[in-house]
Amino acid sequence: MNDIRHPSRRAALAATVAALAVTGTGCKGAPHELSTRPPAAPSAGAYRRGAGALVMQVLAHPDDDLYFMNPDTLHDLQAATPVVSVYVTAGESRGWNTPPHGSHKHHHADQAAYSAARHQGLRQAYAAMLGLPHFTTWHSEVLALPGGLHAQIDSLARGGRRASLVFLQVSMHELSPSASVPTLWSTPGVTLPYVPAEGSPAPADAPGTYTHDRLVDVLVALLDRYGPTHVRTLDPDPDIQLHDRRHPRDSDQFGYSDHRDHTAVALFTWKALARWAAPGGGGRDFTAAAYRGYYNQRWPFNLPPATVALKGRFMVEYGGDPGWQCGSPGGCGDYGQGRDQPLANRKGWIRSTHPRYPGAGPVVVAAPGARRTAYEVRGLRAVVRTETAPGSGRYGPAAGLGGGPLAPRLACVAVPGAGTLVFGLRFAALQGKGGGNGRDVVLREAGRWTSLGSPEHSENRGRRVGPPAALRTPDGRVHLFVRNADKGLSTRVREPGGAWGAWTDLGGGEVQEGLATVVDGLGRAHVFAAGRDTVHHWAQPAASAPVAARPATGLPRPGDCPSAALTADGTITLTYRRPASATSLRVSVRP
């Protein structure tokens with residue numbers, strides 16, 4: 001078995017990773033230990049529906065998972081949760097496979113070879129994540145798909161750990177202004193060719209054509225085949241981004257903080273999920289998550305050095321090297337992403353992993369002496385579970401509440417006489433082909449879902465609105481908050497009688513998703529959110545007064561979204577991680 005050309009760098013990275021802990025992402029920020037125990041010997045066997053947890057990731061390009069979803073992918077593999085990664089485009093770009101700091105002048109453009117080389121890079125990276133030599137042989141098969149299309153599937157297992165890579169090979173058409181993955185989503189009548197990678201087994205080497213509907217059909221068929229319990233996507237609604245000398249566009253799409261293919265593939269995936277989870281589809285029970293992409297370079301980095309080194313190790317495997325002898329006819333990796341390039345790149349994509357909807361998961365509503373209830377989004381719809389006995393911590397089966405398709409995070413507020421108000425962010429339309437593509441905030445009250453609209457007045461800006469946060473103050477008002485398209489804070493207030501006021505822009509600085517809310521001892525509402533340089537704060541100056549932005553807090557720079565809690569002495573304690581840090585910081589704020 002051949003090793004890589006720089007054994008000293010590889011050994012140093014491996015030693016660093018083995019000696020350090022990995023920190024999870026998101027608001028909770030609990031550290032996870034990196035397991036270094038050797039896995040068991042390889043085992044055969046296909047995925048089985050109903051056989052337990054399974055994660056499916058839908059990516060635009062080879063490397064999206066390694067840059068933007070790891071270390072979460074690795075954590076699943078370490079926990080013996082099978083991972084199926086679906087790569088929608090061929091990743092062929094312009095066909096240049098150029099080493100870092102090199103020139104393509106001495107290479108010829110070959111899109112089929114470049115696509116194959118990126119596939120090989122993925123096999124190298126996933127073999128390493130499974131604890132196997134990076135040139136381990138994978139099992140390949142060809143799956144027949146709707147519309148006469150085919151996909152090559154490469155699978156590898158070691159003990160209970162298993163990964164499958166599914167290559168759909170939709171052309172990126174990077175040189176065409178009229179046909180691309182975004183126009184396949186948005187414009188009626190657009191088609192894109194199937195691009196076979198060099199060395200693809202028959203019949204995956206045959207030509208084909210993708211339409212909008214055919215791609216959705218293919219994604220639904222894959223969801224049916226694998227029956228995932230958790231689905232990861234890229235960001236369907238990236239932030240609006242100013243591009244100027246201070247904020248160079250780099251690889252962003254015009255006006256937004258992500259690659260155009262990331263957005264389009266995420267939209268196709270959410271449309272497929274909505275169809276797969278639609279009522280009458282058998283009661284799909286799964287969770288979903290979306291991950292930011294090039295957004296990572298616009299905000300403080302949120303991963304500690306150990307996790308960055310870990311991601312870097314697998315990017316070294318993916319990038320490969322022209323001198324490696326891997327046996328792939330197209331090449332041994334995506335050379336431009338090899339060696340030290342991901343760690344040295346000023347864009348810093350590898351240095352963060354940002355969920356699009358932080359804080360997703362069960363929301364527990366408690367009442368003194370009563371059984372607690374837990375609300376969550378499953379199958380893109382709200383469900384509720386009730387504690388079997390007060391304080392037991394054990395919950396009964398889920399009861400469906402509908403409301404979908406919903407983003408993964410809910411907000412819940414108990415209101416005496418009205419029960420629990422459940423708030424969510426809804427994909428109100430996911431039509432594509434010139435049709436609607438809207439989002440709105442929705443409320444479930446008294447068994448009915450109603451729309452609370454959006455603080456934005458256009459569909460495009462409305463897509464940038466984040467999931468809701470809410471609280472109830474002692475005067476009986478319910479305060480609803482969302483991050484708006486300008487990255488600030490908007491609110492809407494429910495009066496004690498149930499009437500809702502209009503949406504109001506609260507101003508303040510630009511912040512990330514992950515709003516933290518708390519009511520102080522004087523009955524005043526507070527909201528905290530992570531900005532670029534400090535934690536931003538909005539609050540009521542007096543009970544029953546409107547919430548307003550407060551002057552800059554001067555708190556230490558956050559690396560991720562904060563949590564807030566009222567302490568016994570009446571202060572508010574914020575907990576968050578500093579940039580590039582594995583430890584949490586606790587600071588007290590006087591209301």
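Select residues 469-472 and 504-505, strands β20 and β23. They are the edge strands of an open sheet with 4 strands in the order β20-β21-β22-β23 and antiparallel pairing; each edge strand pairs on one side only. Strands here are DSSP runs of E with at least two residues, helices are runs of H or I with at least four residues, and both are numbered from the N terminus. Two strands count as paired if DSSP finds at least two bridges between them. Strands of a sheet pair through backbone hydrogen bonds, either parallel or antiparallel.

Add residues 478-483, strand β21. β21 and β20 are joined by 4 bridges in the antiparallel sense. Within this pair, Ala470 stands opposite Leu480 of β21.

The model is a predicted one: local features need pLDDT of at least 70 and side-chain atom pairs count only at pLDDT 80 or more, while totals for chains, interfaces and linings use all residues. Residues are numbered from 1 along each chain as its sequence is written, and side-chain values use heavy atoms, with hydrogens and water left out.

Next, select residues 212-226 (helix α6) and 260-276 (helix α7). Their axes lie 9 Å apart and the helices pack at an angle of about 60°. Axes are lines fitted to C-alpha atoms, for helices over the stretch in contact, and angles run from 0 to 180 degrees between N-to-C directions. α6 and α7 are therefore oblique to each other (under 35 degrees is roughly parallel, over 145 roughly antiparallel, 65 to 115 roughly perpendicular, the rest oblique). Show the side chains: among the residues in contact (heavy atoms within 4.5 Å) are Leu215, Leu219 and Leu223 in α6, and Phe268, Leu273 and Trp276 in α7. By class, this contact of α6 with α7 has 9 nonpolar, 2 polar and 4 charged residues. Ala, Val, Leu, Ile, Met, Phe, Trp, Tyr, Cys and Pro count as nonpolar, Asp, Glu, Lys and Arg as charged, and the others, Gly among them, as polar.

Move to residues 111-129 (helix α4) and 305-319 (helix α8), whose axes come within 7 Å and cross at roughly 145°. Residues that meet here include Arg118, Leu122 and Met129 in α4, and Phe314 and Tyr318 in α8. The contact of α4 with α8 has 6 nonpolar, 2 polar and 3 charged residues.

Finally, colour the chain by pLDDT, the predictor's confidence in each residue from 0 to 100. The chain mean is 90, and 90% of its residues reach 70 or more. Residues 1-26 have pLDDT below 50, and this stretch has 59 contacts in the model beyond near neighbours in sequence.
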